[in-house]
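Please read the following report with the sequence and the structure open beside it, and look up each place as it is named. The report moves from the domains to a pair of helices, then to a ligand and to single residues.

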Amino acid sequence: MQKVFLKTFGCRTNIYDSQIMAQNLIDFQLVDDETQADIVVVNSCTVTNSADSSARSYISKLERSGKKVVLAGCGAMSKGESLFQDERVFGVFGHSEKKNINTLLKSSQRFFQLGDLTSLDESIVEDFSAKTKAFIKIQEGCDFNCSYCIIPSVRGRARSQDEEKILSQVQKLASNGYGEFVLTGTNIGSYGKDKKSSIATLLKRISMINGVKRIRLGSLEPVQLDDAFMELLDESWLEKHLHIALQHTSEEMLQIMRRRNALSRDLTLFEKISEKGFALGTDFIVGHPGESQRLWDEGLENFKRFPITHLHAFTYSKREGTHATTLKDEVNGKIAKERLKVLEEIVEKNNFLFRQKHNHDLLVLVEEKKGDYQVGYDQYFNKVHIDSMLDLEKEWVVIQNSEVKKEGTYASIHQ
Ligand code: SF4
């Protein structure tokens, strides 16, 4: 039996996609060490030019080792053709072809099958080996048109997974012992728009399934949080942490970035959710073209007013084919890095204060052993390090007292 190694680059959606590929590989043995593999499938990411180059240099490394290389994922859509023509990869397949991976890999002929950008995965993932939480992909694609983003052209327009299908998947996973569910997709807040449903309706239905203990959400867009969603904030099954992508806090920059959110509404929204005891994360891009000193200063002053406890910030990175590459006033990379650091320091401080305030009644799902500790996340999406002689892996524990340090939260459980 030929051995296959799946290399995953990029986001949660790609992790999920790799699970689907793994599940459909019937006539191959999956290995977790690339040196043992006959075939390596590169599930690539193309979100920035540098994401492209890391997939490319990985492929070069494989070429030197003489392995058969197959390209999948977002990079297949953007760079697949040139890599295929240059014979750097044996085959290329797009998102919609994941379910055919077994047949494709068996082919002795080179293949180039991008498929389409309108279909949704038919396969559902019923188990996540060695994982404590279950990832559910509820939708694919995005209808927004942010200046810097290539995703709509590589993942297609927003389309929602069938609601009954999602519910039956959750049911199966819950009966297999999963209690925590992470809803993912490209733009999950748009769930249901094409199905006369909504993310709020879906959440309510999932929460009613026996065994569902906690639901976590991937990244949401501020404009998608409607009244029906806000009404769910008091529900005990909703993780007390939301990740809402601002991308910037200068009104003018938001316009340059072709974002749909607006500063004053964003601030009110964050304050409202924070008052309910939530930890709040956001995405932020620094150094996008047009971020002059004046706009940066303005954005920074505004940023300080937001109750943000978790941050995913990046310095702007060019992505060919996007509107932002046509903009002239670029920001020096060194300046962008300095700006990024300022934001990170603010959020680090906010997070520390938040953890000090919320240091008891922490509901932790223990995920793994790390060094002397067993670690997991609490309901605020903060990592908790537990010192215990008991084997707590995959267990839910309640921490009444924790010691909050700058670098992390610590607790001990001894019975
Ligand atoms: S919302 Fe904007 S950044 Fe997010 S996937 Fe859509 S276009 Fe890209």
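In this predicted model, 13 residues of domain 2 are in contact with nine residues of domain 3. On the domain 2 side of this meeting place, the largest share, three residues, is supplied by helix α12, which covers residues 333–357. When the residues on that same side are sorted by kind, two are nonpolar, four are polar and seven are charged. The C-alpha centres of domain 2 and domain 3 are 26 Å apart. For orientation along the chain, domain 1 covers 3–113, domain 2 covers 133–356 and domain 3 covers 362–413.

One residue of helix α12 deserves a closer look. Arg 355 has its place in helix α12, and, if neighbours within four places in sequence are left aside, Arg 355 is in contact with Asn 382, Val 404 and Thr 409. Is Arg 355 buried or exposed? Arg 355 is buried, because 23 other C-beta atoms lie within 10 Å, and a residue counts as buried when there are 20 or more of them. Arg 355 can also be compared in position with Lys 405, for these two are 50 residues apart in sequence, while their C-alpha atoms are 8.9 Å apart in space.

Helix α12 also has a partner in helix α11, which covers residues 293–305. How do the two helices run relative to each other? Their axes come within 11 Å and cross at roughly 10°, and α11 and α12 are therefore roughly parallel to each other, since angles under 35 degrees count as roughly parallel. From α11, the residues Trp 296, Leu 300, Phe 303 and Lys 304 take part in the contact, and they meet Arg 339, Val 342, Leu 343 and Ile 346 in α12. The residues of this contact divide into six nonpolar and two charged, with no polar residue.

Ahead of α12 in the chain there is a loop, between β14 (310–315) and α12, and Leu 327 is found in it. Leu 327 counts as partly exposed because 15 other C-beta atoms lie within 10 Å. Apart from neighbours within four places in sequence, Leu 327 is in contact with Pro 289 and Gly 290.

A ligand is present as well, and its surroundings can be listed by name. Around the ligand are Cys 142, Phe 144, Cys 146, Cys 149, Ile 151, Pro 152, Thr 186, Asn 187 and Glu 221. This shell is made up of six nonpolar residues, two polar residues and one charged residue.

Ser 78 lies in helix α3, which covers residues 74–85. With neighbours within four places in sequence left aside, Ser 78 is in contact with Thr 46, Ile 150 and Val 154. Ser 78 has 19 C-beta neighbours inside 10 Å and so counts as partly exposed.

Two loop residues call for attention on account of their backbone angles. Most residues other than glycine have a negative phi. Phi of Lys 196, however, is near 55°, a positive value, and phi of Arg 258 is likewise positive, near 55°. Lys 196 sits in the loop between β10 (180–184) and α7 (199–207), and Lys 196 counts as exposed because there are 8 C-beta neighbours inside 10 Å. Arg 258 belongs to the loop between α9 (251–256) and α10 (263–275), and Arg 258 is partly exposed because 15 other C-beta atoms lie within 10 Å.

Helix α10 in turn holds Arg 265, which counts as exposed because it has 12 C-beta neighbours inside 10 Å.

The table below sets separation along the chain beside C-alpha distance in space for some pairs of residues.

| Pair | Separation in sequence | C-alpha to C-alpha distance |
|---|---|---|
| Ser 78 and Ser 250 | 172 residues | 31 Å |
| Arg 265 and Glu 63 | 202 residues | 51 Å |
| Leu 327 and Gln 161 | 166 residues | 36 Å |
| Arg 355 and Lys 405 | 50 residues | 8.9 Å |

How values were computed
Residues numbered from 1 in each chain as written. Predicted model: local features only at pLDDT ≥ 70, side-chain atom pairs only at ≥ 80, totals over all residues. Domains from an automatic or database assignment. Contact = placed C-beta atoms within 7 Å. Helix = DSSP H or I, 4+ residues; strand = E, 2+ residues; numbered from the N terminus. Nonpolar A, V, L, I, M, F, W, Y, C, P; charged D, E, K, R; others polar. Near = placed C-beta within 6 Å. Axes fitted to C-alpha atoms, helices over the stretch in contact; angles between N-to-C directions. Parallel < 35°, antiparallel > 145°, perpendicular 65-115°, else oblique.
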